[in-house]
Amino acid sequence: MRVLLVEDETDMARALIAALGRQDISVDHAATLEIAGEAALNGVYDVALLDRKLPDGDGLSLIPLLRRVQEGLPIIVLSALSSSDHRVAGLDIGADDYISKPFSTDELLARIRAILRRPAQLGETFITLGELRFNLTARCAEINGVLLNLTRRETLAPEALMRRAGCTVSRSALEEAIYGFDDEIASNALDTHISRLRGKLAGGEVAIHAIKGLGYVIRAVS
Ligand code: CA
C-alpha cells in the first residue's frame, strides 16, 4: 500500500512514516501543497493523509485535485483545527475522515483500515485499451478477462501509461509513478521494469514502445 502524506512538521512526519512503515505501508512525504500537488498527479495512492496548516496554504485546497486524479481515493485530514466548523468544512469539501491532532498512531492505523474496508462508492473503474483492461480500484491488469501476473510495482507502469494511452509518458513521470520518493533508482531500473512488462504483453493487441530519449508510450497494435 502506498500513502501520500502531506505534513510540514518534521517530527510528526517522521513518526508517521515510521509507524506506517512498520505496517509495510510505503509513504511519499510532501511538506508543501506544491510538492503534494505534483505527487498527486501520479495517481498511485491508496490513501492520502492531509495536514491543513501548510506553508503554502490550507491542505483542504488539495482535495479537489486529488479527487480529479483519483476519484475514489480515501482522504483523511489530520489537523489541529478541530472545531466542529473546521471538521464540517473538511468533510464537505470531500475528506472521508477528519482526525484531530494530537492523535495516536494506533487510532490513525485503525481509521485507515476502516476506510479501506468501505466498498468504493462508485464501483470499480477501468481503463481499457484493446484487450488490455486496467482495474483502477483493485490495481490489476487483465487481458481478455485473464489477470496478468504482475508484481505490485509492475502494475504501476501500465496504470501510468494507460492513463495517457497514445501519448509519450516521460521517463521521469514513470519513475515517479513506480518508485517511492526515497527509493534509490538504478539508471536502468525503469528499462528492466518495462522490458519485463513488455514480455507479459508480447503477442497481444497492445504494445509498449520506447521513444528514444523521452520515455514510453502504450498503444493498441494496429
Ligand atoms: Ca502543519
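What spacing do the donors of the calcium ion follow along the chain? I shall answer that at once and then move outward from the site. Please keep in mind throughout that this is a predicted model.

The spacing is D-E-x41-D-x1-K. In terms of residues, the protein donors are Asp-8 through OD, Glu-9 through OE, Asp-51 through OD and Lys-53 through O. These donors lie 2.2 to 2.9 Å from the calcium ion. Asp-8 belongs to the loop between S1 and H1, whereas Lys-53 is in strand S4, residues 53–54, so the pair ties together parts of the chain that are 45 residues apart in sequence. The two residues also fall into separate accessibility classes. Asp-8 is partly exposed, because its relative accessible area is 28%. Lys-53, at 53% relative accessibility, counts as exposed, since the cut-off for that class is over 50%.

Let me turn to strand S1. Is S1 mostly covered or mostly open? It is mostly covered, with five of its five residues buried. The burial applies to both faces: Arg-2, Leu-4 and Val-6 lie on one side, and Val-3 and Leu-5 on the other.

S1 has pairing partners in S2 and S3. With S2 it pairs in the parallel sense over five bridges, and within that pairing Val-3 has Val-27 as its bridge partner. The connection from S1 to S2 runs through H1, and this β-α-β crossover is right-handed. With strand S3, residues 47–50, S1 again pairs in the parallel sense, here over four bridges. Leu-4 stands opposite Ala-48 of S3.

I come next to the charged pairs. As a general remark, side chains of opposite charge can pair when their charged atoms come close. How many salt bridges does a search of the whole structure find? The search finds 12, and I shall discuss three of them individually.

The pair Asp-28 and Arg-2 meets at 2.8 Å, N to O. This salt bridge links distant parts of the chain, with Asp-28 in strand S2, residues 26–30, and Arg-2 in strand S1, residues 2–6, a separation of 26 residues. Both partners are buried.

Asp-11 and Arg-14 also form a salt bridge, at 4.0 Å from N to O. These two residues both lie in helix H1, residues 10–22, three residues apart, or about one turn of the helix. Both Asp-11 and Arg-14 are exposed.

The remaining example joins Glu-142 to Arg-133, with the closest N and O atoms 3.2 Å apart. Glu-142 counts as buried because its relative accessibility is 15%, and the cut-off is under 20%. Arg-133, at 30% relative accessibility, counts as partly exposed. Elsewhere, salt bridges that share partners join Glu-7, Glu-9, Asp-51 and Lys-101 into one network. Two members of that network, Glu-9 and Asp-51, are also among the calcium donors.

Finally, I should like to draw attention to His-193. Where is His-193 placed? His-193 is in helix H8, residues 189–201. His-193 counts as buried because its relative accessibility is 3%. Leaving aside neighbours within four places in sequence, His-193 is in contact with Arg-153, Glu-154, Ala-157, Ile-178 and Tyr-179.

To close, I return to the calcium ion: its donors Asp-8 and Lys-53 tie together parts of the chain that are 45 residues apart in sequence. Thank you for your attention.

Technical notes: Residues are numbered from 1 along each chain as its sequence is written. This is a predicted model: local features need pLDDT of at least 70, side-chain atom pairs count only at pLDDT 80 or more; totals for chains, interfaces and linings use all residues. Side-chain values use heavy atoms; hydrogens and water are left out. A salt bridge is a side-chain nitrogen of Lys or Arg within 4 Å of a carboxyl oxygen of Asp or Glu. Buried means under 20% relative accessible area, exposed over 50%, partly exposed in between (1.4 Å probe, protein chains only). Donors are N, O and S atoms within 2.8 Å of the metal (3.2 Å for Na, K and Ca); water is not among the atoms, so sites may look incomplete. Contact means heavy atoms within 4.5 Å. Two strands pair if DSSP finds at least two bridges between them. A crossover is right-handed if, with the strands pointing away from the viewer, the path from the first strand over the helix to the second runs clockwise.
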